[in-house]
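Good morning, everyone, and thank you for making the time. I would like to walk you through one structure today, slowly enough that those who have not seen it before can follow along on the screen.

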Amino acid sequence: MILLELGNPGGPLNPNKMEEAIQKVQAGDRQAFTIIITSYERQIYTYCYYLLRSREEAEDAVQDILVKVYQQLKRYEQRVSFSAWLYKVAYHHCLDQLRRRKLRRRLLSLYKMQQASTHQTLPEDSPVDRMFEDLNPEERGLLILRVVEQYSFEEIAMITGSSSAALRKKYERLRKKLIQQKADEGGGCARGEVAESN
């Protein structure tokens with residue numbers, strides 16, 4: 001498995017307590033939403049950061065995603081895990097962000113020097129940053145959902161709207177690409193560094 005050096009980026013509650021918090025929010029208890037924010041804010045920030053490759057855009061995206069989740073929470077049904085549903089909202093939001101990036105970047109660049117990061121983040125030149133440089137947003141998203149969050153291909157298919165068979169193939173190609181990338185850097189690839197696609 002590739003070690004993304006993220007540790008445990010969030011602290012989700014056990015599923016029963018999370019479902020209880022969701023039901024309270026659906027019943028109109030706004031305070032219960034803070035439980036959801038506390039549990040998932042860092043995970044969603046990390047996910048957005050690796051898709052968008054910008055701390056400022058990731059911070060904005062987290063705020064927007066949490067607002068969308070609050071507004072759409074009545075539509076959530078327990079047929080899928082809440083975290084998978086949340087990542088689906090985040091995935092589609094980030095895709096929209098990437099489509100509008102040129103316009104947004106002009107505005108965000110004005111604030112770049114003024115904003116201090118409020119999140120614990122990785123150093124600019126970490127191994128994770130170097131590894132992600134050569135990946136497109138779709139590959140970065142797949143890697144995070146599969147390796148870090150350890151979702152099944154079926155769950156990732158639900159999040160991204162792709163077929164699980166297509167995702168397996170993409171993941172296998174991505175795995176080979178990363179092994180080659182590691183070999184090109186001269187380090188070879190230690191056994192177990194890249195997760196197998198089982």
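I will begin with the chain as a whole, then take the helix pairs in turn, and finish with a few individual residues.

Please keep in mind throughout that what you are looking at is a predicted model. The protein chain contains nine helices and zero strands, so that, because a helix is written as α here, reading along the sequence gives the pattern α-α-α-α-α-α-α-α-α. Of the 198 residues in the protein chain, buried residues make up 42%. If we take the contacts in the protein chain with a separation of 6 or more, residues 24 or more positions apart account for 69% of them.

Let us turn to the first pair on my list, which is α2, residues 33-52, and α3, residues 55-72. These two helices pack at an angle of about 140 degrees, and their axes are 8 Å apart, which makes α2 oblique to α3. The crossing in which α2 passes α3 is right-handed. On the α2 side the contact is made by F33, I37, E41, I44, Y45, C48, Y49 and L52, while α3 contributes R55, E57, A58, E59, A61, V62, Q63, I65, L66, V69 and Y70. Sorted by character, the residues of this contact of α2 with α3 come to 14 nonpolar, one polar and four charged.

Two residues in this region deserve a moment of their own. Q63, which sits in helix α3, is partly exposed, with a relative accessible area of 47%, and its C-alpha atom is separated by 9.3 Å from that of Y45, a residue 18 positions away along the chain. R53 lies in the loop between α2 and α3, and it has a positive phi of about 60 degrees although it is not a glycine. The reason for pointing this out is that most residues other than glycine have a negative phi. As for its surroundings, R53 has a relative accessibility of 27% and therefore counts as partly exposed.

Moving along, we come to helix α4, residues 82-99. What span should we expect for the 18 residues of α4? At 1.5 Å a residue they should cover 26 Å, and the end C-alpha atoms of α4 are indeed 26 Å apart, so the two values agree. Among the buried residues of α4 are F82, W85, L86, V89, H93 and Q97.

Helix α4 also packs against helix α8, residues 153-160, at an angle of about 45 degrees and with the axes 8 Å apart, and the two are therefore oblique to each other. Here, too, the crossing is right-handed, with α4 passing α8. The residues that make the contact are A84, W85, Y87, K88, Y91 and H92 from α4, together with M158, I159 and T160 from α8. They divide into six nonpolar, two polar and one charged.

The third pair brings in helix α7, residues 137-148, whose 12 residues should span 16 Å at 1.5 Å a residue, and whose end C-alpha atoms are 15 Å apart, which agrees. Is α7 mostly covered or mostly open, and how many of its 12 residues are buried? The helix is mostly covered, since nine of the 12 have a relative accessible area under 20%, and they are E139, R140, G141, L142, L143, I144, L145, R146 and V147.

Helix α7 packs with helix α9, residues 164-184, at an angle of about 100 degrees, and their axes are 10 Å apart, so this pair is roughly perpendicular. In the contact, E138, E139, L142, L143, R146 and V147 of α7 meet L167, K170, Y171, L174, K177 and L178 of α9, and these residues divide into seven nonpolar, no polar and five charged.

Just beyond α7, in the loop between α7 and α8, you will find Q150, which has a positive phi of about 55 degrees although it is not a glycine. Q150 is exposed, with a relative accessible area of 51%.

Finally, let me take you back to helix α1, residues 15-26, where M18 has its place. M18 is buried, with a relative accessible area of 2%, and from C-alpha to C-alpha it lies 9.7 Å from A32, which is 14 residues away in sequence.

That is where I will stop, and I am happy to go back to any of these views.

How values were computed
Residues are numbered from 1 along each chain as its sequence is written. This is a predicted model: local features need pLDDT of at least 70, side-chain atom pairs count only at pLDDT 80 or more; totals for chains, interfaces and linings use all residues. Side-chain values use heavy atoms; hydrogens and water are left out. Axes are lines fitted to C-alpha atoms, for helices over the stretch in contact, and angles run from 0 to 180 degrees between N-to-C directions. Helices (H or I, at least four residues) and strands (E, at least two) are DSSP runs, numbered from the N terminus. Angles under 35 degrees count as roughly parallel, over 145 as roughly antiparallel, 65 to 115 as roughly perpendicular and the rest as oblique. A crossing is left-handed if the near helix is turned anticlockwise from the far one by less than a right angle, and right-handed if clockwise. Contact means heavy atoms within 4.5 Å. Ala, Val, Leu, Ile, Met, Phe, Trp, Tyr, Cys and Pro count as nonpolar, Asp, Glu, Lys and Arg as charged, and the others, Gly among them, as polar. The expected span of a helix is 1.5 Å times one less than its number of residues. Buried means under 20% relative accessible area, exposed over 50%, partly exposed in between (1.4 Å probe, protein chains only).
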